[in-house]
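Reader: I am new to this structure and should like to learn how its features are read. May we go through them one at a time?

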Number of protein chains: 2
Amino acid sequence: MLKIGVDAMGGDFAPEAAVKGAVMAVDAIGDECRIVLFGDEDRIRAVLKAENCAADRFDIVHTTEVIEMGDHPAKAFQQKTNSSIVVGFGYLAKGLINGFASAGSTGAMMVGSMQAVKPIEGVIRPTISTVAPTVTGGKVLLLDVGLNVDCKPEVLAQYGIIGSIYAQAMLGIRNPRVAVLNIGEEETKGNAQSKAAYELMKESEEFNFVGNVEGSHLFSGQVADVIVCDGFVGNTLLKTVEGLFRINKALKIPETPFWRDMNYEYVGGTPVLGVNAPVVIGHGCSSALAIKNMILTTERCAQTGVTAKLQNAFKN
Amino acid sequence: MLKIGVDAMGGDFAPEAAVKGAVMAVDAIGDECRIVLFGDEDRIRAVLKAENCAADRFDIVHTTEVIEMGDHPAKAFQQKTNSSIVVGFGYLAKGLINGFASAGSTGAMMVGSMQAVKPIEGVIRPTISTVAPTVTGGKVLLLDVGLNVDCKPEVLAQYGIIGSIYAQAMLGIRNPRVAVLNIGEEETKGNAQSKAAYELMKESEEFNFVGNVEGSHLFSGQVADVIVCDGFVGNTLLKTVEGLFRINKALKIPETPFWRDMNYEYVGGTPVLGVNAPVVIGHGCSSALAIKNMILTTERCAQTGVTAKLQNAFKN
């Protein structure tokens, strides 16, 4: 039985949105999995009751504190020992749950990822990624999307390994095409960082390197399944596309499946990759739907054993 | 009488698209301006005839060579002395024309900008920019979009000056809000480059610095009128948005004015800023419509005297 931990106190609309999201996820998640809610038990039970959902469909771990968005992440992680995030990471580190998801403080989630579950040995820098749709109906994995904003080329090259394994396990893509985001297709194009990353990656036997990919082909599906970039660029791209999604909404442009899947509510959160357990971070403003999809991503990480696959890859 | 030079041999569909674009521009451009076409005179006259346009509406400067996309830009600029681009830059440097536009070799256009018309004294690095629509019906200027891919903070800070002057002169925005593209709004966010640029720019009295802007607000019109970034990031953003524009087309999403203005055909080319004369570069694949709008941008640069304004700003 896999157990998926969910921070019921995380996000701007917690615990309502978080618990409602868990209720939406519980049917989809299957019998071989169970959701463990971390948070104020009375408040969790109240939401479950309002949702007409039997409380025994979940495990509930009562916690008394909440790490707020305004808290200093590292300090709060140290001091608020009975917060939903700290208790959740305690369970995760001990193997009492098989994954942990929260739409709460991103900073605290990263502190927990690095300190409680720790980077996989051999991984220079864990990373955060996003899955985006392609116009051909497929998926593309973009990493890093904001964790490491001054990446050394060696770090980008490792993202190739991490991304390739994730895309195989989670997106079902065989032999994923891995590319470096760049301003031209030619090997000689780019800034110092992308050129050095290209040099390292073209030697790799650990993934299927296809060269550079330009912004114009991010979502075309024609060039790459895994796109590695610096966290500054990836975060900017992610937010730009989110901004365009909102503009489309404001302009009342009819929604297509492609643009729908650009919506963070359908993306399924941001997995932290390269640490020793599945951790998924959600938008602070997460709706119940966003929470549901974040939980499903976490469950899928646990089901596919992507963490073990990553650990194996870095064993040598 | 202002004279606007146009490379009739530049672009994948030259001379047809270039000359047709000039024909489309000639009515819009007004009597106080004249278009000077550089290229093979017979071929230019043939297209004008096919378009039922009197050849005497243009000046034609006959040239015998063409710098091809595959040519090495610097070498070709030195060797093909009777090419449309080299002859055009010769006219521009001598003041025989007041601006020069081409959809031909971007590399050769940059060589001409740097060697023939030269950077404005005091400008560390000339830059290329793009004008994009905002959802509020306004415009935003993004620079650099691909020339300098490893910008020092001092260079980004100068982009603030250059962008502010351009936005005032060309977009009619009084006291433009200038921001640094970044991954967070707070002063402490970002990579080493953006943090250092913020430090320099917040001291500036030469423009209205409003701090950081995130990708989500690039096109919202709510934060900034001028957005400065490294050429790697700007080029990637530009190409990503172009890719999304093409995806919208492929998905048959009804066109809105906002997305229409994202189309390079309406953008009006990419002005080279920080050199001693108006130079505008077009997409290699430019249609006649794109050429027309590129010519109108060049004419507007000449009309507004934006080059002199930039020269004045860097005099001190």
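Author: Let us begin with a term: helices and strands are DSSP runs, of at least four residues for a helix and at least two for a strand, and they are numbered from the N terminus. The model before us is predicted. With that numbering, Pro15(B) is placed in the loop between strand E1 (2-7) and helix H1 (16-28) of chain B.

Reader: Which kind of peptide bond leads from Ala14(B) to Pro15(B)?

Author: The general idea comes first: most residues other than glycine have a negative phi, and most peptide bonds are trans. In this structure the bond from Ala14(B) to Pro15(B) is cis, with omega near 0 degrees. Another cis peptide bond joins Leu143(B) and Asp144(B), where omega is about 5 degrees. Asp144(B) belongs to the loop between strand E6 (139-143) and helix H6 (153-171) of chain B.

Reader: What is the phi of Asn175(A)?

Author: Asn175(A) is not a glycine, yet its phi is positive, at about 50 degrees. This residue is found in the loop between helix H6 (153-171) and strand E7 (177-181) of chain A.

Reader: Into which domains is chain A divided?

Author: Domain 1 of chain A comprises 1-122 + 273-304, and domain 2 comprises 125-260. Their C-alpha centres lie 27 Å apart. To the contact between them, domain 1 of chain A and domain 2 of chain A contribute 12 residues each.

Reader: How is the size of such an interface expressed?

Author: It is often given as the accessible area lost when the parts come together. Between domain 1 and domain 2 of chain A, about 990 Å² is buried, and carbon and sulfur atoms give 66% of that area. Of the area that domain 1 of chain A buries against domain 2 of chain A, 54% is supplied by Met110(A), Leu273(A) and Arg300(A), more than by any other three residues.

Reader: How many salt bridges and polar contacts are counted between these two domains?

Author: The count of salt bridges between domain 1 and domain 2 of chain A is 0. For polar contact, the count across this interface is 4 residue pairs. On the domain 1 side, helix H5 (106-117) and helix H11 (288-304) of chain A each supply at least two residues. H11(A) gives the most to that side, with 4 residues. The residues of the domain 1 side comprise 6 nonpolar, 5 polar and 1 charged.

Reader: How may the interface of chain A and chain B be read in the manner just used?

Author: One again considers residues, area and pairs. Chain A brings 38 residues to the contact and chain B brings 37. Together the chains bury about 3,200 Å², with 75% of it on carbon and sulfur atoms. The residues of chain A that lose the most area to chain B are Ile183(A), Phe232(A) and Lys239(A), which together account for 20% of what that side buries.

Reader: Which residue of chain B forms a salt bridge with Lys239(A)?

Author: The partner is Glu214(B), and the closest N and O atoms of the pair are 2.4 Å apart. Across the interface of chain A and chain B there are 2 salt bridges, and 10 residue pairs are in polar contact.

Reader: Which helix gives the most to the side of chain A that touches chain B?

Author: Helix H7 (192-202), helix H8 (231-250) and helix H9 (257-260) of chain A each supply at least two residues of that side. H8(A) gives the most, with 14 residues. The side of chain A that touches chain B divides into 19 nonpolar, 15 polar and 4 charged residues.

Reader: What rotation superposes chain A on chain B?

Author: A rotation of 180 degrees, with 0.0 Å of shift along its axis, places chain A on chain B at an RMSD of 0.0 Å. That is the relation of a two-fold axis. In chain A, the C-alpha nearest the axis belongs to Val233(A), at 3.0 Å from it. The same surface serves both copies, as 97% of the contact residues of chain A recur in chain B.

Conventions: Residues numbered from 1 in each chain as written. Chains lettered and ligands numbered in written order. Predicted model: local features only at pLDDT ≥ 70, side-chain atom pairs only at ≥ 80, totals over all residues. Heavy atoms only, no water. Domains from an automatic or database assignment. Contact = heavy atoms within 4.5 Å. Buried area = accessible area lost by both parts, 1.4 Å probe. Salt bridge = Lys/Arg side-chain N within 4 Å of Asp/Glu carboxyl O. Polar contact = N/O pair within 3.5 Å; in protein donor to acceptor, adjacent residues only side chain to side chain. Nonpolar A, V, L, I, M, F, W, Y, C, P; charged D, E, K, R; others polar. Least-squares fit on C-alpha atoms with pLDDT ≥ 70 in both.
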